[in-house]
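Reader: I would like to go through the helix packing and the ligand site. Please give me the reasoning behind each label.

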Amino acid sequence: MPFTQPAPQLANQYTDDRVLRSYLARTLCAGVLRQIEPQLTEMGELAGGPLYGFQLEDRFNLPLHTPWDAWGNRIDRVEVSPLWRAAEQLAARQGLVAIPYERANGAWSRLHQFALVYLFTASTDVYNCPLAMTDGAACALSISGNKALMQRALPHLTARDPGQFWTSGQWMTESTGGSDVGLTETVARKHGDGTWRLYGRKWFTSAVTSQMALTLARPEGNPAGAKGLALFYLETRGADGRLDHIVVHRLKDKLGTRKVPTAELTLEGTLAFPVHGLSDGVKHIAPMLNITRTWNSVSAIGYMRRGIALARDYAKRRVVFGEPLSNKPSHLDTLAGMQAEFEAALHLTFFLVEVIGRDEAGELAPEEKDLLRLLTPIVKLATAKQCVAVVSEALECFGGAGYVEDTGLPMLLRDSQVFPIWEGTTNVLALDALRALNSGAALDALGKLLRELSQPVTEARLLAPARQAQEACAKAVRWLEGAAAQGNDIVEAGARRFALTLGRSLSLALLARHAQWAFDVERDERPLAATLRLGHHGVDVTSGEDVGMSRSLALD
Ligand SMILES: Cc1cc2nc3c(=O)[nH]c(=O)nc-3n(C[C@H](O)[C@H](O)[C@H](O)COP(=O)(O)OP(=O)(O)OC[C@H]3O[C@@H](n4cnc5c(N)ncnc54)[C@H](O)[C@@H]3O)c2cc1C
């Protein structure tokens with residue numbers, strides 16, 4: 001028999017996940033964990049079994065846009081893949097959007113939701129995209145004070161009955177820009193009958209199959225810039241089931257997220273309703289973005305975990321130079337480095353989720369709200385970058401098979417590459433983090449948090465990383481003070497390094513705190529090893545690059 005390479009296998013993605021289980025055991029009270037664990041186990045079984053198999057089989061089913069029917073009528077029908085149709089049903093039944101609004105477990109409801117999302121995400125071909133926007137829309141509407149829209153949409157967005165469930169789009173990006181949304185050209189016109197109608201072109205509208213969208217438009221006569229934009233609610237189809245004055249030009253042909261029908265479309269008088277006044281739309285859509293950015297972070301750790309789970313299994317099967325890869329020291333060293341980055345990212349992301357849960361339960365002190373505002377962009381940008389690096393490394397763990405399409409592996413990297421781009425690129429989010437500093441309150445809260453996290457750390461080997469986290473954060477703050485004195489260009493040039501340093505420092509501190517607990521309670525030294533490893537990778541990436549030299553290095 002010729003030699004063949006064994007395919008990697010996935011176990012139950014919950015019961016097999018030491019890191020998630022240990023984190024939940026420390027964080028949740030036993031009663032809540034007991035209550036949600038059967039659902040996590042079920043989702044883990046689906047994700048590692050039938051859904052994963054379905055995903056591999058469904059590889060060639062791309063979304064299909066049919067602009068015209070056979071008789072020349074414009075129909076713009078968009079069909080999604082079979083896995084997407086199944087994922088929608090599953091997501092509704094499991095309450096992936098509903099859970100935080102039902103709030104059955106109080107402040108822990110967000111953690112319950114996002115633990116499920118983390119398990120669901122890598123097996124469902126980026127169906128997390130419409131779910132993220134749906135959750136974001138539910139959040140933005142539920143705090144908008146617009147009773148009519150809340151009554152109309154929230155029961156659908158949070159439905160567990162797939163027949164009632166709606167998803168929402170988040171239509172911001174135009175060809176003028178996704179980061180610079182103040183350039184939005186879509187106009188809102190008030191008609192004689194008192195209704196508002198939208199006219200303009202939206203350049204990236206993911207999951208165009210959604211029943212509704214929140215979008216930005218400029219009411220006629222409003223000033224240019226972001227402040228003159230208003231947030232509008234629209235339903236994509238009228239009572240007759242046809243698209244409401246929306247023309248879908250085409251679906252984008254993308255590197256990854258290929259199952260997501262991301263359309264270019266024109267609004268040609270679509271009925272819309274102001275969500276909250278006729279200006280400050282960017283401010284009013286911010287709650288939606290905070291939620292979609294958190295979904296991005298959770299998805300990033302889900303993809304890291306998937307890459308590692310597959311690579312780890314393969315290492316035990318693949319024989320090279322007479323023994324399994326899992327006996328090869330340099331391969332193990334590579335896997336350990338990936339695992340350390342993943343564990344750090346998981347603790348960082350779920351810490352953000354905990355804070356959101358407490359915020360929604362009304363438990364946050366004012367300074368913690370400042371911290372939450374800062375954490376959201378930082379966690380998103382840090383985990384997205386880690387994900388691309390870890391998943392890229394995971395593909396290399398398979399050698400040539402990692403580059404071959406019918407293993408299903410390249411898709412992981414292609415899909416991961418979107419995490420640093422949508423919902424705000426790394427640099428755009430780093431600048432957002434600077435705006436979140438709120439005259440120092442958020443940084444004070446972060447410094448206090450790092451000190452608190454270090455307090456339970458007593459194991460001798462963990463003292464140095466706990467100190468390293470505090471020192472790196474303090475150094476970043478000193479860098480910012482120095483840079484601010486030199487001018488805005490210096491601050492902006494170092495913003496990414498500043499934000500990454502804060503994110504990595506906090507993740508190291510969270511990891512050290514968890515490692516102490518795992519050491520004491522579970523007699524497990526693996527989180528300790530991950531902490532030491534992350535410390536060796538380094539968390540301080542601040543530096544004082546010369547802006548003038550960077551300019552000529554970059555452009556000349
Ligand atoms: C698969 C996919 C699906 C998407 N779906 C949606 C959707 O459903 N709805 C939606 O609204 N959008 C969607 N987007 C768009 C996405 O949010 C934007 O592409 C993203 O926000 C970046 O905006 P941009 O494309 O205009 O890039 P640009 O803003 O032009 O960015 C180009 C570069 O400029 C940098 N940059 C921009 N501003 C600054 C600055 N001030 N300082 C330093 N650097 C800066 C960026 O970091 C980036 O490196 C989607 C994108 C993708 C790839």
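Author: What follows takes three helix pairs and then the ligand. The model is predicted.

Reader: Why are helix 9 and helix 11 called roughly parallel?

Author: The axes of helix 9 (residues 281–317) and helix 11 (residues 366–396) cross at roughly 20 degrees. Angles under 35 degrees count as roughly parallel. Helix 9 is therefore roughly parallel to helix 11. Their axes come within 8 Å. The crossing of helix 9 past helix 11 is left-handed.

Reader: Which residues of helix 9 and helix 11 meet?

Author: From helix 9, the residues include Asn-290, Arg-293, Ser-297, Ala-300, Met-304 and Ala-311. From helix 11, they include Thr-376, Lys-380, Thr-383, Cys-387, Val-391 and Ala-394. By class, this contact of helix 9 with helix 11 has 11 nonpolar, eight polar and two charged residues.

Reader: What makes helix 14 and helix 15 roughly antiparallel?

Author: The axes of helix 14 (residues 441–454) and helix 15 (residues 460–486) cross at roughly 165 degrees. Angles over 145 count as roughly antiparallel. Helix 14 and helix 15 are therefore roughly antiparallel. Their axes come within 9 Å. This crossing is left-handed. Leu-443, Leu-446, Leu-450, Arg-451 and Ser-454 make the contact from helix 14. Among their partners in helix 15 are Ala-466, Ala-469, Cys-473 and Leu-480.

Reader: How do the residues of the contact of helix 14 with helix 15 divide, and into which classes?

Author: Eight are nonpolar, two polar and one charged.

Reader: Why are helix 15 and helix 18 called oblique?

Author: Helix 15 and helix 18 (residues 526–537) pack at an angle of about 45 degrees. Under 35 would be roughly parallel, and 65 to 115 roughly perpendicular. An angle of about 45 degrees fits neither range, so the pair is oblique. Their axes lie 10 Å apart. Helix 15 passes helix 18 in a left-handed crossing. Arg-461, Leu-462, Pro-465 and Gln-468 of helix 15 meet Leu-528, Thr-531, Leu-532 and Gly-535 of helix 18. These residues are four nonpolar, three polar and one charged.

Reader: Now the ligand. How many residues surround the ligand, and which are the closest?

Author: 21 residues surround the ligand. The closest are Gln-170, Thr-173, Gly-178, Ser-179 and Thr-425.

Reader: How do you know that Thr-173 makes a polar contact with the ligand?

Author: A polar side-chain atom of Thr-173 lies 2.7 Å from a ligand nitrogen atom. A polar contact needs N or O atoms within 3.5 Å. The Thr-173 pair meets that cut-off. Ser-206 also places a polar side-chain atom 2.7 Å from a nitrogen atom of the ligand.

Reader: What part of Met-172 lies 2.8 Å from the ligand?

Author: A backbone N or O atom of Met-172 does, and its partner is an oxygen atom of the ligand.

Key. Residues numbered from 1 in each chain as written. Predicted model: local features only at pLDDT ≥ 70, side-chain atom pairs only at ≥ 80, totals over all residues. Heavy atoms only, no water. Axes fitted to C-alpha atoms, helices over the stretch in contact; angles between N-to-C directions. Helix = DSSP H or I, 4+ residues; strand = E, 2+ residues; numbered from the N terminus. Left-handed = near helix turned anticlockwise from the far one by under 90°. Contact = heavy atoms within 4.5 Å. Nonpolar A, V, L, I, M, F, W, Y, C, P; charged D, E, K, R; others polar. Near = heavy atom within 4 Å. Polar contact = N/O pair within 3.5 Å; in protein donor to acceptor, adjacent residues only side chain to side chain.
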